[in-house]
Amino acid sequence: MAMAVAQQQRDNSIERHIDSSGKYVRYTAEQIEALEKVYVECSKPSSLRRQQLIRECPVLGNIEPKQIKVWFQNRRCREKQRK
């Protein structure tokens, strides 16, 4: 199931996360921009750094730390596939 969702995300180039009700929600352009800025600095942020991101960046405040972790994993995977 998770692999099918990940494949669908890659196919459609859609960035999504799961909200508190368990439904997929697309990341906003601002959220993607904030995450991409951090990715350029560090592609593997620590759990402390991810928590710090949530505190410091209001647009990321409604995303769970685990979802940010998964976003970075997926982003590294996309980077690897492009090479």
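In this predicted model, a useful place to begin is R50, which, once its neighbours within four places in sequence are set aside, is in contact with P45, P65, I68 and K69. R50 has its place in helix α3, made up of residues 47-56. Although R50 is buried, it has no salt bridge, and the nearest side chain of opposite charge, that of E64, is 11 Å away.

One of the contacts of R50, I68, leads on to helix α4, which runs through residues 65-82. With 18 residues, α4 reaches 26 Å from its first C-alpha to its last, close to the 26 Å expected at 1.5 Å a residue. Its buried residues are Q67, I68, W71, F72, R75 and R78, and, seen down the axis of α4, these fall within an arc of 145°, so they line one face of the helix. An α-helix has 3.6 residues a turn, so residues three or four places apart point the same way. The face of α4 turned away from this buried side carries the exposed residues K66 and K80.

Helix α2, residues 29-41, can be read in a similar manner. Its 13 residues should span 18 Å at 1.5 Å a residue, and its end C-alpha atoms are 19 Å apart, which agrees. Buried in α2 are Q31, A34, L35, V38 and Y39, and because they cover an arc of only 140° around the axis, they lie on the same side of α2. On the face of α2 turned away from its buried side, the exposed residues are A29, K37 and V40.

Note on methods
Residues numbered from 1 in each chain as written. Predicted model: local features only at pLDDT ≥ 70, side-chain atom pairs only at ≥ 80, totals over all residues. Heavy atoms only, no water. Helix = DSSP H or I, 4+ residues; strand = E, 2+ residues; numbered from the N terminus. Expected span 1.5 Å × (residues − 1). Buried < 20%, exposed > 50% of the residue type's maximum accessible area, 1.4 Å probe, protein only. Arc of directions from axis to C-beta. Lys, Arg positive; Asp, Glu negative; His and termini not counted. Salt bridge = Lys/Arg side-chain N within 4 Å of Asp/Glu carboxyl O. Contact = heavy atoms within 4.5 Å.
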